[in-house]
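User: I'm new to reading protein models. Can we go through this one by question and answer?

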Amino acid sequence: MSDEPRKRILVVGATGFVGPALVDEFVRAGYHVICGVRNLETAEKQLVCPHVEFLKIDLNEDLNPNLWLDRLREHKIEGVVNNVGIANEFGDQSMENVNVNAPLALFEAVTFYCQENLEANRQPQDVSVIQISTTGVDWPDCDAYRYPKSKKLIDETLIETTGLHFIIVRPNIIYEPGRGHLLLEQIVRFPVLGYIGNTAIQPIHCRELAIGVVRLMQNPFKASCSILLATGPEALTWKNVFLKVSEALGIKHSIFFRVPLIIGQFFTNLIQYMPQRLLSRLGILSKLDNDTIEMMTKGSTGDNSEWLEKTSLQPMYLFDTYKNFAQSSDTYAKYVQSIRDRKGA
Ligand SMILES: NC(=O)c1ccc[n+]([C@@H]2O[C@H](COP(=O)([O-])OP(=O)(O)OC[C@H]3O[C@@H](n4cnc5c(N)ncnc54)[C@H](OP(=O)(O)O)[C@@H]3O)[C@@H](O)[C@H]2O)c1
């Protein structure tokens, strides 16, 4: 590693599922990461690595651009990733504030910060912003669902903002063995498997997403002001997803049946009351609501060629992932490392 000071990146939403993978990949790539988190105590436990520091934020409340401007100045931020996004409003969260109003304030602050640095002949003057969105924004009836509607609104505002270097990344369903909202390796061990809908999705591995975001930040002008569909390499129904993972893990006995949406929603409401330990044993790591389960039936596919081209990534296949994962943690770590090391589609 060179002796040059590490570039300072603000990851807003550094905890949860995708956040820690982003932090890890940025640190591996030689960055110093300022982790924007709601709960400092949880974050310090979840993000144990060198070259990180923590900044307490709350997008439900941090709606003033001046607050963000002070943070950008104080921490000498040189790049921003907004990873925060909520699909439902548990607790006192307002989706409008968290997904739209607070990011708007942040982006306004970044624009002002670059401008004031330019006028004062100081660095940094070109702070790139990467916004993590969702492929749901492309649904023709996206406005019928509050989550993709809110993501669409912030994406559109970003596109219209002048003087800001941004990249919008729209991931499909994100997965990773051992982490995430659904543990596929655990779910497929049940002898009977229910799935909802027959539409296709293109799940993307969390590491493919995180490595790709780091590469975009390393060379932001290659994709500046663009929208990239971070979809996985294969279009699969949920049943196909379960079959691929089962096959990779050498499990042959599953019986599949299609669950009507209304039954799925009944189960979803039921699991709100289940203890987290039981949910974890079922392979479900986060609570869903009726809208979320309905969105899972809608499917979503898209062309990932621009994503692969701009990030120079080799896509990660579901079968390869779980095959390597099933062999040993060492084999799996080497597989992920091979993706980090390889460049070019
Ligand atoms: N998972 C997927 O399949 C998927 C698919 C497409 C797009 N996405 C997008 O990818 C991004 C990451 O998703 P994820 O699955 O990692 O979600 P997640 O696990 O729910 O994490 C969301 C992050 O947002 C933070 N957050 C929530 N409310 C906040 C608030 N009021 N102030 C500050 N931070 C707040 C969470 O912090 P806490 O840890 O404190 O809750 C966490 O760091 C989101 O923008 C999501 O919309 C995800």
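User: Which word fits H3 and H4, oblique or parallel to each other?

Analyst: Heads-up: this is a predicted model, where local features need pLDDT of at least 70 and side-chain atom pairs count only at pLDDT 80 or more, while totals for chains, interfaces and linings use all residues. Residues are numbered from 1 along each chain as its sequence is written, and side-chain values use heavy atoms, leaving out hydrogens and water. Helix H3 (residues 65-74) packs on H4 at about 50°, axes 8 Å apart (axes are lines fitted to C-alpha atoms, for helices over the stretch in contact, with angles from 0 to 180 degrees between N-to-C directions; helices are DSSP runs of H or I with at least four residues, strands E runs of at least two, numbered from the N terminus). Under 35 degrees counts as roughly parallel, over 145 as roughly antiparallel, 65 to 115 as roughly perpendicular and the rest as oblique, so H3 and H4 are oblique.

User: How many charged residues are in the contact of H3 with H4?

Analyst: Contact means heavy atoms within 4.5 Å, and H3 brings Pro65, Trp68, Leu69, Leu72 and Arg73, while H4's side includes Glu108 and Glu116. Asp, Glu, Lys and Arg count as charged; Ala, Val, Leu, Ile, Met, Phe, Trp, Tyr, Cys and Pro are nonpolar, and the others, Gly among them, are polar. The contact has eleven nonpolar residues and no polar ones, and its charged residues number three.

User: What angle do H4 and H5 make?

Analyst: Helix H4 covers residues 95-119 and helix H5 covers residues 146-160, and their axes sit 9 Å apart. The angle makes H4 roughly parallel to H5. Its value is about 10°.

User: Which H4 residues meet H5?

Analyst: On the H5 side, the partners include Arg146, Tyr147 and Leu153. By class, the contact of H4 with H5 has nine nonpolar, three polar and one charged residues. From H4 come Met95, Asn99, Val100, Pro103, Leu104 and Phe107.

User: Which handedness does the crossing of H9 and H11 have?

Analyst: Helix H9 (residues 261-271) and helix H11 (residues 290-298) come within 9 Å by their axes and cross at roughly 140°, so H9 and H11 are oblique to each other. A crossing is left-handed if the near helix is turned anticlockwise from the far one by less than a right angle, and right-handed if clockwise. H9 passes H11 in a crossing that is right-handed.

User: What volume does the largest cavity have?

Analyst: On a 1 Å grid over the protein atoms alone, a cavity is a set of points where a 1.4 Å probe fits but cannot get out, and lining residues have an atom within 4 Å of a point. Points join across faces, edges and corners, and volume is the space filled by probe spheres set on them. The lining includes Tyr175, Pro203 and Glu234. The largest cavity's volume is about 40 Å³.

User: Which residue does a cis peptide bond join to Gln123?

Analyst: The omega here is about -5°. The partner lies in the loop between H4 and strand S5 (128-132). That partner is Pro124.

User: What phi does His51 have?

Analyst: His51 lies in the loop between helix H2 (40-46) and strand S3 (52-56). His51 isn't a glycine, yet its phi is positive, at about 65°.

Definitions and conventions
1 Å grid on protein atoms, 1.4 Å probe; cavity = no way out; pocket = protein on both sides within 12 Å on 5 of 7 lines; lining within 4 Å.
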